[in-house]
Amino acid sequence: MMLRKSSKLLLSNPNNYISAFTSNSVVPRLFSHSQTPPSSIKLGFLNNVSDGIRAAATPASAFDLLSLGRHFGRCYWELSKARLSLLVVATSGTGYVLGSGNAIDLAGLCWTCTGTMMVAASANSLNQVFEISNDAKMKRTMLRPLPSGRISIPHAATWATSVGLAGTALLAYNTNMLTAGLAASNLFLYAFVYTPLKQIHPINTWVGAVVGAIPPLLGWTAASGQISLNGMILPAALYFWQIPHFMALAYLCRQDYAAGGYRMLSLADDSGQRTASVALRNCLYLIPLGFLACDWGVTSGWFCLESSLITLAMSAAAFSFYKDRTTQKARKMFHASLLYLPVFMSGLMVHRLTTDNQQCLVEDNTKRIVELSSSSETIAEGSGNYKRKSVRHSTVGRHGRPPVAYASVAPFPFLPAPSYATTP
């Protein structure tokens, strides 16, 4: 009865519900509906909570809850950098397919992609939490949820932490501990090493390339349960690909990065020559990967040709930027890098060799080795017969003369030369 009376009292006057709601600190200050800058989010929190609770007490509460869900869903989408996270999921899924045998476990693939998406969303959200002041100074990032005040910092941090822990636990339960460890270490490397390093030294680009190279390895370990040399093809491609891709982006957004306080290589390179040379050099590093994938039994020979062609195309765009360092050439190289990655990953999956194909390849190579060895033995046997005949003919008519030349190449040359009976 007391609970029923108290509930009626609270519903009859929403202000009573608000005072009880806030005085007991039942709900932490996790969100804000205001469009005010971050410095005033905390001050306007109680008013926003009051507005939300009054709306819940009206008949239109269902519509308000729906709009509230859309609002936070949009904020979570932007905090996660969903398009970038989907690219990470694509690389992880490709690694899973490459690491699978004849049959691909679709359930395992789905769990791996889901866990990767959650960990990537957590890392990107933490990145924005730590860089809120920098994002507020840059044109392309000032409208993100945190700088624009659409969500509070504690709310974003809670979202990032919960989704990161859930994603790591999901990978540990449905794949293996090695995969979960790679995901957790990559989250830490991105959020707590790469993110602060962006404001300290240009080497952050290479650290970020390592972060981008781990997801395909994560997919490989989820499928195979181990790290092997064959599984390093796609991670190596991701590492070298990110350098020209980001060098082009850093050149195009130099002023924005300078305003945000980031230390990029392009900011200390007025002529752009060093930026272009680094991009071109890493494009050239991609050329041998197609041959290695074929030589290590990951793909067929067709992939070697296709990989070489698309790598040379991106290298040509990088060389054009190196010769003429303009915004137009940098944008051309950036678009070429966007085209390279999906074509490369598609070629890997189309031309990948399964266990049966690899076994057939090994058997064919074994047969060829046996044929070559048998033919060489036949040739050696024939040459031996010819040598014996030639020696027999050469000794005829040489009475009493020991074959010193033959004895000098005997297995034991320190022994005296043998004596041979003369032919009658």
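How many of the 424 residues of the chain count as buried? The share is 40%.

## The fold at a glance

What you have here is a predicted model. The chain holds 19 helices and zero strands. As for how the chain folds back on itself, take the contacts with a separation of 6 or more: residues 24 or more positions apart account for 73% of them.

## Helix α17 and what covers it

Let's start with α17, which runs over residues 327-350. With 24 residues, α17 reaches 35 Å from its first C-alpha to its last, close to the 34 Å expected at 1.5 Å a residue. Its buried residues are A330, M333, F334, A336, S337, Y340, L341, F344, M345, G347 and L348.

Which helices help cover those buried residues of α17? The cover includes α5 (82-99), α12 (233-252), α14 (273-285) and α16 (301-323). Two of these names, α12 and α16, come back below with particular residues attached.

## Helix α11, wrapped up

Next comes α11, residues 204-224. This one has 21 residues and spans 31 Å between its first and last C-alpha, close to the 30 Å expected at 1.5 Å a residue. Why call α11 largely enclosed by the rest of the structure? Because 17 of its 21 residues are buried. Right after α11 sits G225, and the phi of G225 is positive, near 80°.

## Two residues of α12

Q242 is a good place to look at α12, the helix it belongs to. With a relative accessible area of 17%, Q242 falls under the 20% cut-off and so counts as buried. Leaving aside neighbours within four places in sequence, Q242 is in contact with G208, A209, G212 and A213. A209 deserves a closer look: Q242 and A209 are 33 residues apart along the chain, yet their C-alpha atoms are separated by 5.8 Å. There's a polar side to this pairing too, with a polar atom of the Q242 side chain lying 2.8 Å from the backbone oxygen of A209.

A250 also lies in helix α12. It is buried, with a relative accessible area of 2%. Once neighbours within four places in sequence are set aside, A250 is in contact with Y257 and S266. Measure out to A330 and you get 9.5 Å from C-alpha to C-alpha, for two residues 80 apart in sequence. A330 is itself one of the buried residues of α17.

## Aromatic pairs and a ring cluster

A search of the whole structure turns up 12 aromatic pairs. One of them is F303 with F344, an edge-to-face pair at 5.2 Å centre to centre and 65° between the planes. What does this pair tie together? F303 lies in helix α16 and F344 in helix α17, so the pair links parts that are 41 residues apart in sequence. Both F303 and F344 are buried. Elsewhere, ring pairs join F72, Y76 and W159 into a cluster.

## Charges over rings

Two basic side chains are worth finding on screen. K198 lies over the face of Y262, at 4.7 Å from the ring centre. R254 does the equivalent with Y251, lying over the ring face at 4.0 Å from the centre.

## Cysteines without disulfides

How many disulfides does a search of the whole structure find? Zero. C294 is in no disulfide, and the nearest cysteine sulfur, that of C304, is 5.8 Å away. A disulfide needs the sulfur atoms within 2.5 Å. C294 is partly exposed, with a relative accessible area of 27%. C283, on the other hand, is buried, at a relative accessible area of 0%.

## A serine ahead of α9

Finally, take S152, in the loop between α8 (145-148) and α9 (153-174). Is S152 buried or exposed? At 4% relative accessibility, S152 counts as buried. A polar atom of the S152 side chain lies 3.3 Å from the backbone nitrogen of H155.

Key:
Residues are numbered from 1 along each chain as its sequence is written. This is a predicted model: local features need pLDDT of at least 70, side-chain atom pairs count only at pLDDT 80 or more; totals for chains, interfaces and linings use all residues. Side-chain values use heavy atoms; hydrogens and water are left out. Helices (H or I, at least four residues) and strands (E, at least two) are DSSP runs, numbered from the N terminus. The expected span of a helix is 1.5 Å times one less than its number of residues. Buried means under 20% relative accessible area, exposed over 50%, partly exposed in between (1.4 Å probe, protein chains only). Contact means heavy atoms within 4.5 Å. Rings of Phe, Tyr and Trp (its six-membered ring) pair if their centres lie within 6.5 Å; planes under 30 degrees apart count as stacked, over 60 as edge-to-face and the rest as tilted. A charge sits over a ring if NZ of Lys or CZ of Arg is within 6 Å of the ring centre and within 35 degrees of the ring normal. A polar contact is a pair of N or O atoms within 3.5 Å; within protein, one must be able to donate a hydrogen and the other to accept it, and residues adjacent in sequence count only if both atoms are side-chain atoms.
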